[in-house]
Amino acid sequence: MTIQGIDVAYTAVATAENGRDGRVATDDGRLDVVVNPPEEMGGSGAGTNPEQLFAAGYSACFQGALGVVARKEKADISGSTVTAAVSIGKAEAGGFGLQVAISASIPNLDAKTARSLVEKAHQVCPYSNATRGNITVDLSVV
């Protein structure tokens, strides 16, 4: 199946009950979590929240994209990690908005090479492509 020029290889399906204060589960049962707003937003903070789930997905996806780019360039990224910090707040135009800070640690590479790989991974990562032009995504190498 092709959607908007994409040859679809996989579709994930999840259903939420009671929005940000309920439950989210995938159709295959592999993910089934209680979601609650964080305490900072007036919630109980007892479960996970959509921002944590987005951060987990984005960091894993970006790490995968980094691996794709590193293999092409024959760069050693063993021991690397990617952290995604997803922030939510009131948007100037109304409603709420997100911003993301991606931080990569690539211990086996010099700073310039690591930065180049991170920038290239940002062009490959599906999460980066989905958010580009919609939200601020800051990249850093630590």
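## A first sheet, strands 3 to 5

Gly-22 faces Val-35, a residue of strand 5. That pair is a good place to begin a tour of this model, which is a predicted one. Strand 4 covers residues 22-26, and strand 5 covers 32-35. The two strands run antiparallel and are joined by four bridges. They also make up a hairpin with five residues between the strands, and in this hairpin Gly-29 has a positive phi near 80 degrees.

On to the next pairing: strand 3 meets strand 4 in the antiparallel sense, again through four bridges. Here Ala-14 has Thr-26 of strand 4 as its bridge partner. Taken together, the three strands build an open, antiparallel sheet in the order 3-4-5. Strand 3 (14-17) and strand 5 have a single partner strand each and stand at the edges, so one side of each has no neighbour in the sheet. On average, neighbouring strands here are turned by 20 degrees against each other, direction ignored.

## A second sheet, strands 6 to 8

Another open sheet is made of three strands in the order 6-7-8, this time with mixed pairing. Strand 6 and strand 8 are its edge strands, each pairing on one side only. From one strand to the next, the twist averages 15 degrees.

What makes the pairing mixed? Strand 6 and strand 7 run antiparallel, joined by 10 bridges, while strand 7 and strand 8 pair in the parallel sense over six bridges. Between strand 6 and strand 7, Thr-81 stands opposite Ser-105. On the strand 8 side, Val-100 is set against Val-137 and Ile-102 against Leu-139. The hairpin of strand 6 and strand 7 has five residues between the strands, and there Gly-94 takes a positive phi near 110 degrees.

## Helices on the sheet

Two helices can be placed against this second sheet. Helix 1 lies across strand 6, strand 7 and strand 8, and runs at about 145 degrees to strand 6. Helix 2 also packs on the sheet, where it touches strand 7 and strand 8, and its direction makes about 155 degrees with that of strand 8.

Helix 2 is worth a second look. Its 14 residues reach 20 Å from the first C-alpha to the last, close to the 20 Å expected at 1.5 Å a residue. Which of its residues are buried? They are Ala-114, Leu-117, Val-118, Ala-121 and His-122. Viewed down the helix axis, the buried residues fall within an arc of 145 degrees, so they line one face of helix 2. The cover over these residues includes helix 1, strand 7, helix 3 (126-131) and strand 8. On the face turned away from the buried side, helix 2 carries the exposed residues Lys-112 and Gln-123.

## The nonpolar core

Which residues touch the most other members of the largest nonpolar core? This core has 24 residues, and the ones in question are Tyr-58, Phe-62, Leu-66, Ile-102 and Ile-106. Two or more residues come from each of helix 1 (50-73), strand 6 (81-90), strand 7 (96-105), helix 2 (111-124) and strand 8 (136-141). Helix 1 gives the most, with eight residues.

Tyr-58 makes a handy landmark for exploring the model. Leaving aside residues up to four places away in sequence, Tyr-58 touches Ala-84, Val-100, Ile-102, His-122, Cys-125, Tyr-127, Ser-128, Thr-131 and Val-137. Several names from earlier return here. Among these contacts, Val-100 and Val-137 stand opposite each other in the second sheet, and His-122 is one of the buried residues of helix 2.

## Two loop residues with positive phi

Most residues other than glycine have a negative phi. Two loop residues of this model take the other sign. Asn-18, in the loop between strand 3 and strand 4, has a positive phi of about 65 degrees although it is not a glycine. Lys-74, in the loop between helix 1 and strand 6, is not a glycine either, and its phi is positive at about 55 degrees.

Are these two residues buried or exposed? Residues count as exposed over 50% relative accessible area. Asn-18, at 66% relative accessibility, is therefore exposed. Lys-74 is exposed as well, with a relative accessible area of 77%.

Methods. Residues are numbered from 1 along each chain as its sequence is written. This is a predicted model: local features need pLDDT of at least 70, side-chain atom pairs count only at pLDDT 80 or more; totals for chains, interfaces and linings use all residues. Side-chain values use heavy atoms; hydrogens and water are left out. Two strands pair if DSSP finds at least two bridges between them. Axes are lines fitted to C-alpha atoms, for helices over the stretch in contact, and angles run from 0 to 180 degrees between N-to-C directions. A nonpolar core is a set of buried Ala, Val, Leu, Ile, Met, Phe, Trp, Tyr and Cys residues joined through side-chain atoms within 4.5 Å. Buried means under 20% relative accessible area, exposed over 50%, partly exposed in between (1.4 Å probe, protein chains only). Contact means heavy atoms within 4.5 Å. The expected span of a helix is 1.5 Å times one less than its number of residues. The arc is that of the directions from the helix axis to the C-beta atoms.
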